[in-house]
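Here is a short tour of one chain, written to be read with the structure open beside you. Take a moment to turn the model around before you start.

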Amino acid sequence: MDYIIEGFKNSIYLLFSFNKEIYEIIFLSLKVSCIATFISSIIMIPLGVYIGITDFKLKALFSRIVYTFMSIPSVIVGLIISIILTRNGPLGFLDLMYTKTAMIIAQSILVSPLILGLTYNLSKSRGKHIKDMGVTLGANKLQVITLIIKELKEDIVMNVITAFSRAISEVGAVMVVGGNIKGDTRVMTTSIAMYNSMGDYSMAIALGIVLLLISFIINNITYNYSMED
């Protein structure tokens, strides 16, 4: 029990002494997850809206496939990306394995089905009357999609926040493609796993506190948005 208490004390000291290693890990985690979520959002939000308001054959099957990929294990995503980016893989010539770029690619692919599925479901249930209004006013397809995004922006922001929370809290994909290299590809989740296995509970707890704080902030933002609605 004493080592747990001591670990908490040391973790607080590390945070408030602005330990360089800890804050490098924190900022890298935020950077990778923010970029990955942004890339996925700018592609998947318009695509989700478009598919949601468009009728086509096998739409029900498409929905099931998307919803399945929304909960895909992160380690599977990491495995697929590593096979593609490894030296003997189809994109091995790019030499991206064990880099920040590989981590961003993995997280982007991980959260893309989540953003796509949530946006698709939202636009399917609430976007068709907005589409009808836009078409009545003479809007083209692109203008209709833009109008729906503007009208449903609060819910879409919540979807993006949800995707970001998954990106920053996942460990499997970034561990596989990033390699958890000190000072380069080490993020909060992989660091917590590593420090825990090493018995360095002070560092693990300090990063765990930050991750919980980020989760708390995200949940508060989401709650405030839902209350405004």
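Where in helix α2 is the kink centred? In this predicted model, the kink is centred on Ser41 and amounts to about 30°. Helix α2 covers residues 20-53, which makes 34 residues. From its first C-alpha to its last, α2 reaches 49 Å, close to the 50 Å expected at 1.5 Å a residue. At the start of this helix, a side-chain oxygen of Asn19 comes to within 3.1 Å of the backbone nitrogen of Glu21.

**The chain as a whole**

With α2 in view, let us step back. The chain has eleven helices and zero strands, so to read along it from the N terminus is to pass through α-α-α-α-α-α-α-α-α-α-α. Its C-alpha atoms fill a box of roughly 70 × 50 × 25 Å, taken along the principal axes. Of the 229 residues in the chain, 44% are buried. Among contacts with a separation of 6 or more, 76% join residues that are 24 or more positions apart.

**What the record adds**

An unreviewed UniProt entry annotates residues 25-53, 65-84, 104-123, 156-181 and 201-223 as "transmembrane region". Two of these spans can be described in the model. Residues 65-84 are 85% helix and 0% strand, with end C-alpha atoms 22 Å apart. Residues 201-223 are 100% helix and 0% strand, and there the end C-alpha atoms lie 32 Å apart.

**Helix α7 and its two faces**

Which residues of helix α7 are buried? In this helix, residues 141-151, they are Val144, Ile145 and Ile148. Seen down the axis of α7, the buried residues fall within an arc of 100°, so they line one face of the helix. They pack against α2 and against α6 (128-136). The face turned away from this buried side carries the exposed residues Leu142 and Lys150.

The start of α7 is worth a look too. There, a side-chain oxygen of Asn140 reaches to within 3.2 Å of the backbone nitrogen of Leu142. Leu142 itself lies in α7, and it counts as exposed because its relative accessibility is 62%. In sequence, Leu142 and Tyr50 are 92 residues apart, while their C-alpha atoms are 8.9 Å apart in space.

**Arg186, a buried arginine in a loop**

Now turn to the loop between α9 (172-178) and α10 (188-198), where Arg186 is found. Is Arg186 buried or exposed? Arg186 is buried, because its relative accessible area is 12%, and the cut-off for that label is under 20%. A polar atom of the Arg186 side chain lies 3.2 Å from the backbone oxygen of Asn180. Leaving aside neighbours within four places in sequence, Arg186 is in contact with Glu21, Ile25, Leu28, Asn180, Ile181, Ser191, Met194 and Tyr195. One of these partners, Glu21, is the residue whose backbone nitrogen is approached by Asn19 at the start of α2.

**Ser82 in helix α4**

Ser82 sits in helix α4. With a relative accessible area of 10%, Ser82 is buried. Which residues does Ser82 touch, leaving aside its neighbours within four places in sequence? Its contacts are Met97, Val176 and Val177.

**Two loop residues with positive phi**

Two more residues are worth finding in the loops. Leu58 has a positive phi, near 65°, and is a residue other than glycine. Tyr98 is not a glycine either, yet its phi is positive at about 60°. Leu58 is placed in the loop between α2 and α3 (59-70), and Tyr98 in the loop between α4 (74-85) and α5 (100-126).

The table gathers the accessibility values of the individual residues visited on this tour.

| Residue | Relative accessible area | Class |
|---|---|---|
| Leu142 | 62% | exposed |
| Arg186 | 12% | buried |
| Leu58 | 64% | exposed |
| Tyr98 | 43% | partly exposed |
| Ser82 | 10% | buried |

To finish, go back to α2 and find the kink of about 30° centred on Ser41 once more. From there you can look for the buried residues of α7, which pack against α2 and α6.

Technical notes:
Residues are numbered from 1 along each chain as its sequence is written. This is a predicted model: local features need pLDDT of at least 70, side-chain atom pairs count only at pLDDT 80 or more; totals for chains, interfaces and linings use all residues. Side-chain values use heavy atoms; hydrogens and water are left out. Helices (H or I, at least four residues) and strands (E, at least two) are DSSP runs, numbered from the N terminus. The expected span of a helix is 1.5 Å times one less than its number of residues. The bend at a residue is the angle between axes fitted to the seven residues ending there and the seven starting there. A polar contact is a pair of N or O atoms within 3.5 Å; within protein, one must be able to donate a hydrogen and the other to accept it, and residues adjacent in sequence count only if both atoms are side-chain atoms. UniProt positions are given in the numbering used here, feature names are shortened, and annotations may be inferred rather than shown by experiment. Buried means under 20% relative accessible area, exposed over 50%, partly exposed in between (1.4 Å probe, protein chains only). The arc is that of the directions from the helix axis to the C-beta atoms. Contact means heavy atoms within 4.5 Å.
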